[in-house]
Amino acid sequence: MGGSSQQFRYWMLILPAVALMLIFYVFPLIQVLWISVTEPVPGLGNYEELFTSDFLHKIWWTTARICLLTTALTVVLGYVVAFAMAHVERQQMTMMMFCILLTFWLSVLVRAFAWVMLLRTQGTINEFLQFIGLIDRPLRLARNEIGVVIGMVHFMLPLAILPIYANIRTIDAKYVSAARGLGGSAIQAFLWVYLPLSRPGIIAACMLVFVFSLGFFITPAILGGGKVVMISEYIRVAFEETLLWGKATMLSSSLLFGVFLLLAIVGRFVDLRRVFGSS
Amino acid sequence: MPEGTPGARSGHALSLRNLSKYYGATAAVDGVDLDVPRGSFLTLLGPSGSGKTTILMAIAGFVEPSGGSILLDDKDITRLPPDKRNFGMVFQGYALFPHMTVADNIWFPLKVRGVSKADASTKIKNALELVQMGHLAERFPSQLSGGQQQRVALARAIVFEPDLLLLDEPLSALDKKLRADLQWELKSLHQRLGTTFIYVTHDQEEALSMSDNIVILRDGQIEQEGVPGDLYEKPATKFVADFLGKSNFLQGKLATKQADTFAYVCGGQTLVQKGAPDHAKVTGDILIALRPEKITLTPQRPSTTNAVAGRITAFNYYGSAYHFQVGTEAMGELIATAPAWTCAVEPSIGNEIWLGWEPDASVVVRDR
């Protein structure tokens with residue numbers, strides 16, 4: 001029977017990919033889950049802390065606040081850049097794309113320290129603002145949440161620009177023309193026609209940026225100056241310094257479940273397959 | 001449209017004065033003067049690149065003219081943005097907003113004018129009834145057929161009672177039978193609304209069947225304008241005769257001239273032609289356009305003034321008519337058509353037949 005030999009070939013062809021996923025993703029993940037319910041003693045004791053520890057609540061809240069703010073700012077700024085890219089000449093578009101990818105290739109450490117140089121009390125921005133007389137005393141831009149958000153937004157921008165650009169590039173200009181021709185002002189045409197048509201790109205960008213932000217720890221650690229602790233940074237400390245593996249794996253697992261939950265909630269309102277490009 | 005009909009009262013007149021549009025050094029529209037009468041159905045007809053769409057886009061406000069002006073009832077609207085012109089437009093490919101239902105699409109032009117959906121509901125309903133789409137108000141455009149989308153686009157363009165309705169090849173994406181049906185509907189809609197329609201097409205059949213006036217464009221200029229019958233029967237140029245319908249072209253030399261006819265020699269044969277309005281000026285080389293359906297086909301030499309012998313080289317059967325290609329010694333290959341049920345000649349290749357026509361069946365045309 002041709003069907004079964006066809007099926008056999010199909011499975012053989014995807015076997016390497018499946019094996020890779022099992023060895024490098026699924027197996028370690030199961031191990032993480034396992035540790036979270038066995039260290040230091042078997043049971044759900046680690047997870048109990050999620051509900052009882054005020055300290056953890058504070059970290060979760062900080063994480064959520066920073067990630068939401070970062071996502072909102074990144075997507076708005078990314079939309080502006082993507083919109084410009086979709087409406088300039090091809091040559092300028094290539095130039096813009098190159099600049100965006102260039103920052104993407106720079107080490108996250110280099111960028112975080114560069115931001116510290118710019119934002120610190122005696123940094124370029126503060127000195128410039130004082131020089132032109134706009135401010136008397138330096139603004140506190142680094143070693144706090146403002147610095148963390150600035151650094152994160154900068155890092156995440158390409159992740160917002162690229163999906164939004166990919167989406168709005170496909171919006172036919174005739175819809176905007178139709179809106180204008182039917183009496184809509186430029187703003188009405190944008191708000192009621194263009195923006196709704198770019199919804200899949202916006203949602204993809206939001207998801208991507210938010211999920212990525214959750215796992216961030218280098219930028220918050222450097223730009224937060226140790227004052228802003230996000231969940232990933234805390235996990236790192238628990239793994240490497242305080243050696244509380246049970247707690248660290250519990251938080252990792254919780255983070256993962258949180259992302260799945262978020263996907264499930266968003267998936268109720270939008271077709272995620274379409275958002276992420278499969279039609 | 002005659003005075004006293006609704007259109008003559010409610011429609012608006014549009015004029016183009018020396019309108020030009022240059023892209024670099026190329027003129028897409030080159031000094032066009034045009035008057036669109038109140039409530040009329042005017043068609044801009046021409047091949048691609050003739051400037052017809054550019055003119056329509058300039059009227060709509062999407063293309064800024066390089067020169068000249070656009071007047072609506074003597075008011076200059078040349079520099080007005082599209083949304084301030086109050087024109088309805090049916091786009092090529094319809095451009096229905098894919099994220100809105102049919103009803104919301106039709107609400108859109110009212111919404112931008114500050115009308116709430118509740119207040120707009122009667123108008124939306126009436127517009128949908130007008131195009132027989134009342135039952136599909138809650139569908140999305142992607143759930144509609146091409147013909148249904150076309151009707152929705154039309155309803156959306158008329159719901160706010162625009163001063164003008166601009167239609168950019170609205171039927172080009174539809175199949176032949178549907179296109180023919182919608183031609184009837186568009187024409188009757190025009191009569192009921194009384195709005196001035198400006199219609200762009202490259203389809204000569206659409207232009208002939210629906211328009212009050214046709215403007216034929218070529219290379220950004222008006223080649224000829226007039227009522228459909230005049231353009232078809234009295235094309236001024238070879239281009240018009242060729243573009244509007246089909247035509248044979250007979251190249252000849254003037255032989256003798258009478259009061260209102262002249263004789264010319266074409267391929268060694270002398271033929272008689274009724275004179276054109278500028279009969280006096282006819283000299284030397286002349287070009288005659290002869291419609292294929294105006295040729296009588298007979299097995300024997302006919303009694304018509306002009307007669308040419310030939311041999312059928314090819315023929316097509318269309319149910320209602322035969323189309324023949326006939327090889328003649330004097331003037332090469334000619335095309336002729338005959339109603340199938342009264343066709344006097346045996347349709348078979350190689351059959352020797354006669355082609356006959358009277359002096360007033362053909363017209364003198366310029367080769368531009």
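**Exercise 1. Identify the residues that A:Ile218 touches, not counting residues up to four places away in sequence, and classify its exposure.**

Solution.
Step 1. In this predicted model, A:Ile218 touches A:Val108 and A:Leu109, once residues up to four places away in sequence are set aside.
Step 2. The residue belongs to helix 11 of chain A, which covers residues 218–223.
Step 3. Partly exposed applies between 20% and 50% relative accessible area. The relative accessibility of A:Ile218 is 30%, and therefore A:Ile218 counts as partly exposed.
Step 4. A further spatial reference is A:Met152, 66 residues away along the chain, with a C-alpha separation of 9.8 Å from A:Ile218.

**Exercise 2. Determine whether B:Glu206 is buried or exposed, and describe its surroundings.**

Solution.
Step 1. B:Glu206 is located in helix 7 of chain B, residues 204–210.
Step 2. The limit for a buried residue is under 20% relative accessible area. B:Glu206 has 2% relative accessibility and so counts as buried.
Step 3. Leaving out residues up to four places away in sequence, the residues touched by B:Glu206 are B:Leu171, B:Arg179, B:Gln183, B:Tyr199, B:Thr201 and B:Ser211.
Step 4. With B:Thr201 there is also a polar contact, side chain to side chain, at 3.1 Å.

**Exercise 3. Describe chain B as a whole by its secondary structure, extent and burial.**

Solution.
Step 1. Chain B contains nine helices and 20 strands.
Step 2. The C-alpha trace of chain B extends over about 75 × 45 × 45 Å along its principal axes.
Step 3. Of the 368 residues in chain B, 52% are buried.
Step 4. Consider the contacts in chain B between residues at least 6 apart in sequence: 65% of these join residues at least 24 apart.
Step 5. The exposed area of chain B is about 16500 Å², and carbon and sulfur atoms supply 50% of that area.

**Exercise 4. State how many residues of helix 3 of chain B are buried, and what covers them.**

Solution.
Step 1. Helix 3 of chain B runs over residues 102–111, and eight of its ten residues are buried.
Step 2. These buried residues are B:Val102, B:Ala103, B:Asn105, B:Ile106, B:Trp107, B:Phe108, B:Pro109 and B:Leu110.
Step 3. Within chain B, the cover includes helix 4 (117–130) and helix 5 (146–158).
Step 4. Chain A contributes to the cover as well, through elements including helix 8 (173–181) and helix 9 (186–197).

**Exercise 5. Characterise the interface between chain A and chain B by its contacts, buried area and polar interactions.**

Solution.
Step 1. The contact involves 16 residues of chain A and 21 residues of chain B.
Step 2. About 1600 Å² is buried between the two chains, and carbon and sulfur atoms give 71% of this area.
Step 3. A:Arg180, A:Leu182 and A:Trp192 provide 39% of the area that chain A buries against chain B, more than any other three residues.
Step 4. One salt bridge is counted between chain A and chain B. A:Arg180 forms this type of interaction with B:Asp83, with the closest N and O atoms 2.5 Å apart.
Step 5. Four residue pairs are in polar contact across the interface, both residues of each pair being at pLDDT 80 or more.
Step 6. On the side of chain A that touches chain B, helix 8 and helix 9 of chain A each supply at least two residues. Helix 8 of chain A gives the most, with seven residues.
Step 7. Sorted by class, this side of chain A comprises eight nonpolar, six polar and two charged residues.

Notes
Residues are numbered from 1 along each chain as its sequence is written. Chains are lettered from A and ligands numbered from 1 in the order in which they are written. This is a predicted model: local features need pLDDT of at least 70, side-chain atom pairs count only at pLDDT 80 or more; totals for chains, interfaces and linings use all residues. Side-chain values use heavy atoms; hydrogens and water are left out. Buried means under 20% relative accessible area, exposed over 50%, partly exposed in between (1.4 Å probe, protein chains only). Helices (H or I, at least four residues) and strands (E, at least two) are DSSP runs, numbered from the N terminus. Contact means heavy atoms within 4.5 Å. Buried area is the accessible area (1.4 Å probe) that two parts lose on being put together, summed over both. A salt bridge is a side-chain nitrogen of Lys or Arg within 4 Å of a carboxyl oxygen of Asp or Glu. A polar contact is a pair of N or O atoms within 3.5 Å; within protein, one must be able to donate a hydrogen and the other to accept it, and residues adjacent in sequence count only if both atoms are side-chain atoms. Ala, Val, Leu, Ile, Met, Phe, Trp, Tyr, Cys and Pro count as nonpolar, Asp, Glu, Lys and Arg as charged, and the others, Gly among them, as polar. Accessible areas come from the Shrake-Rupley method with a 1.4 Å probe; for residues, only the protein chains shown count as cover.
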